[in-house]
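Got your viewer open and a selection tool at hand? Load the model below, and let's walk through it stop by stop.

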Amino acid sequence: MYLKKIEIYGFKSFADKIELEFDEGVTAVVGPNGSGKSNIADAVRWVLGEQSAKNLRGSKMEDVIFAGTEKRKPLGYAEVSLVIDNSLGELPIEYNEVRITRRVFRSGESEFYINKSLCRLKDIHQLFMDTGLGKEGYSIVGQGKIDEILSASSEDRRYIFEEAAGIVKYKARKIEAEKKLSRTEQNLLRINDIIKELE
Ligand code: ATP
């Protein structure tokens, strides 16, 4: 699995649609200060489901939409797509190429797509769970992240190792099953109460 392409429109400093194609192996993005290098990493994090404006270096989600310049009007929405090579089937979806898209409007409404079909944020999380590529994945190491990991609590550090070991999805399923079990127990209690009332 590798990132083949990023398409960005209206996200932060990218007012025009741009397409960045990547090959397998190492790619370096170079450019002067303030030219938008970190905005590309923000775009990747955002499309993978980042919900915190602060983690995207803004104060509200609307800040990711191109805010305009002296010569250009602000835009009404931002859209980013990642095209991922899945020919080895590491993502649990039967496509050799997977396209993930996120769009946000100034109203704050966000839309997610997997291969152009509308989906929930939860579907994106599930798709990338345990691959290391999700929004919490260790594949994006931001400035200051290494220090953060070294000074993180042992519990937070354990989460990083669990994601790398590929067991996060089982833990998530366990939590869901426990919630269902607890709901069923509540329902059983209620049924028993009704039976007692009827007796
Ligand atoms: P450095 O090398 O200094 O870290 P960089 O190449 O990583 O810089 P970024 O931080 O990615 O640069 O880009 C910063 C630029 O993005 C700033 O000029 C800022 O004005 C612009 N920018 C951020 N958000 C928006 C937005 N919503 N609309 C327009 N421009 C924006």
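Start by selecting K4, which lies in strand β1. Helices and strands here are DSSP runs (helices H or I, at least four residues; strands E, at least two), numbered from the N terminus. Before clicking further, know that this is a predicted model, in which local features need pLDDT of at least 70 and side-chain atom pairs count only at pLDDT 80 or more, while totals for chains, interfaces and linings use all residues. Residues are numbered from 1 along each chain as its sequence is written.

Is K4 buried, exposed or partly exposed? K4 is partly exposed, because 18 other C-beta atoms lie within 10 Å. The cut-offs: 20 or more other C-beta atoms within 10 Å of a residue's own make it buried, 12 or fewer make it exposed, and anything in between is partly exposed, with C-beta atoms placed from the backbone.

Now show what K4 touches. Leaving aside neighbours within four places in sequence, K4 is in contact with E21, F22, V83, I84 and D85; contact means that the C-beta atoms, placed from the backbone, lie within 7 Å. Try a distance label on one of these pairs: K4 and D85 are 81 residues apart along the chain, yet their C-alpha atoms are separated by 6.2 Å.

**The sheet**

Next, colour the strands. Which order do they take in the sheet? Six strands form an open sheet, in the order β2-β1-β3-β4-β5-β6, with antiparallel pairing. The edges are β2 (18-21) and β6 (117-119), each pairing on one side only. On average, neighbouring strands of this sheet are turned by 20° against each other, direction ignored. Strands count as paired if DSSP finds at least two bridges between them.

Select β1 (residues 2-9) together with β3 (residues 77-85): these two pair in the antiparallel sense over seven bridges. Step along β1 and look across to β3:

- Y2 stands opposite D85.
- K5 has V83 as its bridge partner.
- I6 has L82 as its bridge partner.

As you step, keep this in mind: in a regular strand the side chains alternate between the two faces of the sheet.

K5 is worth a second click, since in β2 its bridge partner is E21. β1 and β2 also pair in the antiparallel sense, over four bridges. Then go back to V83, whose bridge partner in β4 is R99. β3 and β4 run antiparallel and are joined by nine bridges.

**Helices across the sheet**

Now add α1 (residues 37-47), which lies across β1, β3 and β4 (97-105) and runs at about 80° to β3. Angles run from 0 to 180 degrees between N-to-C directions, using axes fitted to C-alpha atoms, for helices over the stretch in contact. Then select α2 (residues 121-128), lying across β4, β5 (110-114) and β6 at about 45° to β5.

**Three loop residues**

Head for the loop between α1 and β3, where you'll find E50. E50 is buried, with 21 other C-beta atoms within 10 Å. Its C-alpha is 9.7 Å from that of L121, although the two are 71 residues apart in sequence.

R57 is found in the loop between α1 and β3 too. With 13 C-beta neighbours inside 10 Å, R57 counts as partly exposed. Check its backbone: phi is near 60°, a positive value in a residue other than glycine. Most residues other than glycine have a negative phi.

Jump to K116, in the loop between β5 and β6. Phi of K116 is positive as well, near 70°, and K116 is exposed, with 8 other C-beta atoms within 10 Å.

**The ligand**

Select the ligand and its surroundings. How many residues surround the ligand? There are 14, and the closest are N33, K37, S38, N39 and A67; a residue counts as near when its C-beta atom, placed from the backbone, lies within 6 Å. By class, this shell has three nonpolar, eight polar and three charged residues. (Ala, Val, Leu, Ile, Met, Phe, Trp, Tyr, Cys and Pro count as nonpolar, Asp, Glu, Lys and Arg as charged, and the others, Gly among them, as polar.)

**Two last helices**

Select α4 (residues 154-165): its 12 residues should span 16 Å at 1.5 Å a residue, and its end C-alpha atoms are indeed 16 Å apart. The expected span is 1.5 Å times one less than the number of residues. One residue of α4 is buried, so α4 lies largely in the open. G166 follows α4, with a positive phi near 80°.

Finish on α5 (residues 168-198), whose 31 residues reach 45 Å from first C-alpha to last, close to the expected 45 Å. Here too the number buried is one, so α5 lies largely in the open.

Terms used: Two residues are in contact if their C-beta atoms, placed from the backbone, lie within 7 Å.
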